[in-house]
Amino acid sequence: QVELAESGGGLVQAGDSLRLSCVFSGRTFSNYVMGWFRQAPGKERELVAVITSGGSTHEADSVKGRFTISRDNANYRVYLQMNSLKPEDTAIYYCASKYISTSTYSYWGQGTQVTVSS
């Protein structure tokens with residue numbers, strides 16, 4: 001069973017930076033695609049960024065150029081570096097994983113709150 005645990009959220013001002021971390025356990029990390037999602041109050045959950053086991057990345061247009069996803073396969077961690085934060089980035093951020101041959105994210109962390117004040 002995969003377990004995910006996020007950390008690094010907090011309250012910051014617009015323009016600040018944060019780095020979220022997610023620790024993966026229970027299976028072989030390199031066999032999983034990792035994603036960061038977020039959900040703001042009253043809105044649907046949205047994909048923020050994805051990284052494959054080989055390190056290929058994709059970021060949503062809303063965060064492209066500001067957020068960077070990365071992974072450390074040796075230490076079973078995935079990161080989301082968030083720069084130039086905006087109030088509209090305020091949300092609960094979730095780490096998620098899916099096995100490389102599947103299309104559905106099956107495992108989710110508990111989430112970490114990011115609040116950006118103007």
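Serine 84 sits in the loop between strand 8 and strand 9. Look at its backbone. Serine 84 has a positive phi of about 50°, and it is not a glycine. Its side of the accessibility scale is the middle one: serine 84 is partly exposed, at 42% relative accessibility. Keep in mind that this is a predicted model.

There is another residue with this kind of backbone. Tyrosine 76 also carries a positive phi, about 60°, without being a glycine. Tyrosine 76 belongs to the loop between strand 7 and strand 8. Its relative accessible area is 27%, so tyrosine 76 counts as partly exposed.

Now into strand 8 itself. Tyrosine 79 is there. Buried or exposed, for tyrosine 79? Buried, because its relative accessibility is 13%, and the cut-off for buried is under 20%. What does tyrosine 79 touch, leaving out residues up to four places away in sequence? The contacts of tyrosine 79 include Arg19, Leu20 and Ser21. Trp36 is on the list for tyrosine 79 as well. So are Thr68, Ile69, Ser70 and Asp72.

Tyrosine 79 also takes us to the next residue. Its C-alpha is 9.3 Å from the C-alpha of glutamate 6, and the two residues are 73 apart along the chain.

Glutamate 6 is in strand 1, residues 3-7. Glutamate 6 is buried, and it has no salt bridge. Which side chain of opposite charge is nearest to glutamate 6? That is arginine 45, 9.2 Å away. A salt bridge needs the nitrogen within 4 Å of the carboxyl oxygen.

What does the glutamate 6 side chain have instead? Backbone nitrogens. The one of glutamine 110 lies 3.0 Å from a polar atom of the glutamate 6 side chain. The one of glycine 111 lies 2.9 Å from a polar atom of that side chain. Both residues appear in the contact list of glutamate 6, which again omits residues up to four places away in sequence. Gly109 and Thr112 are there too. So are Ser21, Cys22 and Trp36. Tyr93, Tyr94 and Cys95 complete the list for glutamate 6.

Two of those names, Cys22 and Cys95, bring up the disulfide. The structure holds one disulfide. It joins cysteine 22 to cysteine 95, with the sulfurs 2.1 Å apart. Cysteine 22 is in strand 3, residues 18-25, and cysteine 95 is in strand 9. The bond links distant parts of the chain, 73 residues apart. Which hand does this disulfide have? It is left-handed, because the torsion about the S-S bond is about -80°. Both ends are out of reach of solvent by the numbers. Cysteine 22 is buried, at 1% relative accessible area. Cysteine 95 is buried, at 0%.

On to the charged pairs. How many salt bridges does the structure hold? Four. I will go through three of them.

Start with arginine 66. Arginine 66 pairs with aspartate 89, and the closest N and O atoms are 2.7 Å apart. This pair links distant parts of the chain, 23 residues apart. Arginine 66 is in the loop between strand 6 (57-59) and strand 7 (67-72). Aspartate 89 is in the loop between strand 8 (77-82) and strand 9 (91-99). Arginine 66 counts as buried, at 11% relative accessibility. Aspartate 89 counts as buried as well, at 1%.

Next, arginine 38. Its side chain meets that of glutamate 46 in a salt bridge, 2.6 Å from N to O. Arginine 38 is buried, at 6% relative accessibility. Glutamate 46 is partly exposed, with 34% relative accessible area.

These pairs are connected. Arg38, Glu46, Arg66 and Asp89 are linked in a network of salt bridges.

Last, lysine 64 and aspartate 61. Their closest N and O atoms are 3.4 Å apart, and they form a salt bridge. Lysine 64 is partly exposed, at 47% relative accessible area. Aspartate 61 is exposed, at 65%.

To recap the charged residues. Glutamate 6 is buried without a salt bridge. Arginine 66 is buried and has aspartate 89 as a salt-bridge partner. Aspartate 61 is exposed and bridges to lysine 64.

Methods
Residues numbered from 1 in each chain as written. Predicted model: local features only at pLDDT ≥ 70, side-chain atom pairs only at ≥ 80, totals over all residues. Heavy atoms only, no water. Buried < 20%, exposed > 50% of the residue type's maximum accessible area, 1.4 Å probe, protein only. Helix = DSSP H or I, 4+ residues; strand = E, 2+ residues; numbered from the N terminus. Disulfide = S-S within 2.5 Å. Contact = heavy atoms within 4.5 Å. Lys, Arg positive; Asp, Glu negative; His and termini not counted. Polar contact = N/O pair within 3.5 Å; in protein donor to acceptor, adjacent residues only side chain to side chain.
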